[in-house]
Amino acid sequence: MGTHVIKMPDIGEGIAQVELVEWFVKVGDVIAEDQVVADVMTDKATVEIPSPVSGKVLALGGKPGEVMAVGSELIRIEVEGSGNHVDVPQANPVEAHSAAEPQAPAPAKAPQPAALQAPEHHVEAAIVPRQPGDKPLASPAVRKRALDAGIELRYVHGSGPAGRILHEDLDAFMSKPHSAAGQAPSGYAKRTDSEQVQVIGLRRKIAQRMQDAKRRVAHFSYVEEIDVTAVEALRQQLNAKHGNTRGKLTLLPFLVRALVVALRDFPQINATYDDEAQVITRHGAVHVGIATQGDNGLMVPVLRHAEAASLWANASEISRLANAARSNKASREELSGSTITLTSLGALGGIVSTPVVNTPEVAIVGVNRIVERPVVIDGQIVVRKMMNLSSSFDHRVVDGMDAAQFIQAVRGLLEQPACLFLE
């Protein structure tokens, strides 16, 4: 038996260190070749680290939230053969959560497969919750099912890898009576519990970017009301005619098209600002960042060259990017390079918002929800579908008049949607 050491890989782009976000294995686990052992995060994306070998986990090189240098020791695995590492009789810098590792030349004990398999699936009658801060591992589908059933996942025993909660675990939990500890507290019960959540991974990156943006950018916001009755009628008509063959359209591709057309007259808004070099770069290409909320936080995948694509092509790409972001499968390239950002909370969009500029961009367009309400047109009160655009700009680059005129141009295009396709 030998020891194989996996070191923090060079992820490229000149990155010298990364944050360890999550372990998917623990000391004593038997893992397979190509099994993902950890997630790490760069400034732009989360990256999965697979194991190139099969074997037994001997030691882990850090805790979630720690920043590790490229080339540092990530994990040790006991393998058949000689491995790629020879232990020397000195203190082991890698944190181990089990008994001390065998030192060369003493042979390591052979793994005992029967004792190292995932524990048998069972649920205790008295449910013991996880400790505060121990986030249950589960897929989005399992989380949604638990939410719909009113089950707190912290009370559910997970039988999957690294304690991941599976659908079978939910089935077992729901099929057995549980003690009061496993039930949701009464709405009137006095509570004294608290929970501390470590800010790591994507949440830490979001916090850092938002703090940096608010510190460096001279934000100002502009809100405009838009009558979207006509564009919504066009959207529904196109879906009825082409939805089965080309795919369904949401309002987003129409908004993207309106941005593309309006930006032709406002190049200073489709721009990025390097405030250290004091250089503004105005972009011909319109790369629209689509702010997307996932289980782990906010991500902004990029719809590239929106100016060169049709409504349906942009709609399809928006859907693909959103799914990739929500499943944490978006690549670094898909999460960088935007020139302007579009953000929407959908049906939860509220009346007004003040979105934060996604630096180094200089503008972000926020979409609020559509509501039907009475408006006066030609002296008559009629019911129209109305929506606000709540947008923010970097006042160091964009003047207030230009911002207002730009949003007014977007408004005109959406209220007269035939203009979206005039050249």
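Begin by selecting helix α8, residues 400–415, which in this predicted model lies across the strands β9, β16 (340–344), β17 (363–377) and β18, and which runs at about 25° to β9.

With the helix still displayed, add the sheet beneath your selection: an open sheet of 6 strands, in the order β9-β18-β17-β16-β12-β15, with mixed pairing. The edges are held by β9 (219–227) and β15 (302–303), and because each of these has a single partner strand, one side of each is left without a neighbour in the sheet.

Next, select β9 together with strand β18, residues 380–394, where the two pair in the antiparallel sense over 9 bridges. To find one place along this pairing, pick E224, whose bridge partner in β18 is L389.

The remaining stops are in loops, and they concern backbone geometry. As background, most residues other than glycine have a negative phi, and most peptide bonds are trans.

Go first to the loop between β16 and β17, where P360 is placed, and display the bond joining T359 and P360, which is a cis peptide bond with omega of about 5°.

Then move to the loop between β17 and β18 and select D378, a residue other than glycine whose phi is positive, near 55°. D378 counts as exposed, because its relative accessibility is 75% and the cut-off for exposed is over 50%.

Finish at H305, in the loop between β15 and α7 (311–326), where phi is again positive, near 50°. With a relative accessibility of 41%, H305 counts as partly exposed.

Notes
Residues are numbered from 1 along each chain as its sequence is written. This is a predicted model: local features need pLDDT of at least 70, side-chain atom pairs count only at pLDDT 80 or more; totals for chains, interfaces and linings use all residues. Side-chain values use heavy atoms; hydrogens and water are left out. Two strands pair if DSSP finds at least two bridges between them. Helices (H or I, at least four residues) and strands (E, at least two) are DSSP runs, numbered from the N terminus. Contact means heavy atoms within 4.5 Å. Axes are lines fitted to C-alpha atoms, for helices over the stretch in contact, and angles run from 0 to 180 degrees between N-to-C directions. Buried means under 20% relative accessible area, exposed over 50%, partly exposed in between (1.4 Å probe, protein chains only).
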